[in-house]
Amino acid sequence: MKAYPIYPQRQSELLDGVWDFAWLGESLRFEEIAPQSITYKGVMAVPGVFDAGPELAGQRGVGLYRRTVYTGLKPGRIRLRFGGMGLRARIFWDGLEIGATELAYSGVQFDFDAGKGPHHELVVAVDNRIPENPPLLFSPEYDFYGYGGIYRSVEMERLPSAHLNRVQVHTIDLEKRKVRLKISVDGVSSDELDFTVVFDEKEPVAFKRPVVDGWVTVDLSVPRGRVWSPETPNLHTVTVAIAGDCITERFGLRTIEARKGRILLNGQPLLLRGLNRHEAHPELGPALPTSIMIEDLQYLRDMGCNFIRGAHYPMNQQFLDLCDRMGFLVWEESLGWGDDEARVSDEHFMELQEMQTRLMVRNSINHPSVIIWAFLNEACSQSPASRPLYERLTRAIRQEDPSRLLSYASNRTIPPTSYSPSRRKKGTRVKVADLNFDLVDVISVNLYPGWLSDIDWETIRPLDMVSERLAELAEDFSTAKYKDKPVLISEIGAASLPGCHDRLRSYWSEEYQADLVGEAIRSVFSQNRFSGVAIWQMYDTRTFANGTRKARGFNNAGVLDEYRRPKLAYEVVKELYGKSKRTDSKLASAKKAAVVSRRPSVSQLAALDPENCVPTTATSGNWRG
Ligand code: ADA
């Protein structure tokens, strides 16, 4: 399926469908792959993965995808756009390599000459092996399966010599419905560009503006502009045309900022009610069809969520289009998971991290749903060795897009060795160990009180730990050093084996998970210091097959199982998020009714909220060993 932007005038083709397939296995190194003299005996779906189905389940090696494409007789430039592949790929056109990517999950594109003749052979060699040296972005330790395949749609376009790449749309004055259009253009011969702009289906207006380093900027008001929010997900389109090319982008008018410890959407404080979501399905890996994406969003809506944390890689553009349209707020992060000192200080890894993070921002720049950019889930942010990469990534994101909030999910709020009952005695606990929170706008913490190794084995009531730890955390982040930054609980939860029920509500039962998730949501909402929570996780997801902590080869913390069948925790989330949503709407009407001479302050609004009335007390968090 096509996602925005669209290029209405270009000769283009969606290359999704059935491709020829040949399995080379482990016979060649990635660098040695050459698509000549291969017999293609199999077939494979694009989008799709080759290692989820019965023939190659769990195999690692190289798979070759091939198809014929028709370009017509006219010579000229072609652009191939891949929505995301994994784990690495090399692309060949009539036997010649035209590009390669090591950025799993990232949307990438390649421009090249079509060459002679109307028909061409396109081969994509996909490698799902995970070499250690130099490190790939993906590592075998990551707690989600590293599939091999072409995960998302492939599109081919004929590129006009002067062409429009993207139009970035930034809201610069919400009240006046004013946006800045930043138009990226290539191949124009003069220093000035003649172009027209049309918002929605209105009248085109002509402009002439200077081209500076391939960019043209213009500030405009959106006629009859309507503001985007989860409750009113109003969207607009803008079509920019030059001689021979034209692009349509979709966007939303909205602002997002962090002020006085709060996240503000369109100037109003937000309480995020979220779930973490992988792009995953047991039969399909990360190659989800639109129908499943829509169903997932329907489940999230049914639970009363307004927030999705996209764990742990750049998301499918089609999914983000749906989030824009259905009114979800999204955290998008680049690929990473628990990366240690050796990885974060490896120059190759750092380079790949920066490339994929910049690409993520560029690709998703116009989604109003995306409010937070993030990176490096649970890396070693307590270590000074992490600092250079964290600085590099925050700098890169701010250069690409200063308009959104920046964060990363940290599980380094206290060092692991400090987590023992004796150390936790009042006054002796170690304060926040993470060294990089100063770099970002939102402090985000992953913690698992009452689950995994974040458990005090001497306690007979592990559930009590949930509110204690969250209260401690709220206190730590209320000190002068942190108090101005919003705090988000980016992961909390527990796993359960689907269908495992127990009267004693023991570990791994759906009952224990439901109790813990309920306790977590209630505790987060009772602390005024927190701007919201994302429960780990939406549905069970395939992970490495041999981990002892991961029964069935799945991360079982889903409130739905892998086939989206609800567990007991689903109803708990629904009840608590639903209640908070209703409070939100009452609050909204109260605000409307209130006669205020100027915009209410953040603390005035917080005081209005009955959920935000509990004073904060005690400590911090730790990470599992
Ligand atoms: C971490 C991690 C998740 C998942 C979780 C778990 O918090 O960020 O991806 O692995 O732990 O269930 O262990």
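Here are two short exercises on a predicted model, each with a worked solution.

Residues count from 1 along each chain as its sequence is written, and side-chain values use heavy atoms, with hydrogens and water left out. Local features need pLDDT of at least 70, side-chain atom pairs count only at pLDDT 80 or more, and totals for chains, interfaces and linings use all residues.

**Exercise 1.** Work out how helices α1 and α2 are oriented to each other, and which residues make the contact.

*Solution.* Start with the axes, which are lines fitted to C-alpha atoms over the stretch in contact, with angles from 0 to 180 degrees between N-to-C directions. Those of α1 (residues 290-302) and α2 (residues 317-326) come within 10 Å and cross at roughly 40 degrees. Helices here are DSSP runs of H or I, at least four residues, and strands are E runs of at least two, numbered from the N terminus.

Next, classify the angle: under 35 degrees is roughly parallel, over 145 roughly antiparallel, 65 to 115 roughly perpendicular, and the rest oblique. So α1 and α2 are oblique to each other.

Then list the contact (heavy atoms within 4.5 Å). From α1 come T290, M293, I294, L297, Q298 and R301, and from α2 come Q318, F319, L322, C323 and M326.

**Exercise 2.** Find the edge strands of the open sheet β4-β12-β7.

*Solution.* First, the pairing rule: DSSP must find at least two bridges between two strands. The 3 strands pair antiparallel. β7 and β12 (residues 149-150) are joined by 2 bridges, with G86 opposite G149 in β12.

Now look for single partners. β4 (48-49) and β7 (85-86) each have one, so each stands at an edge with one side left without a neighbour in the sheet.
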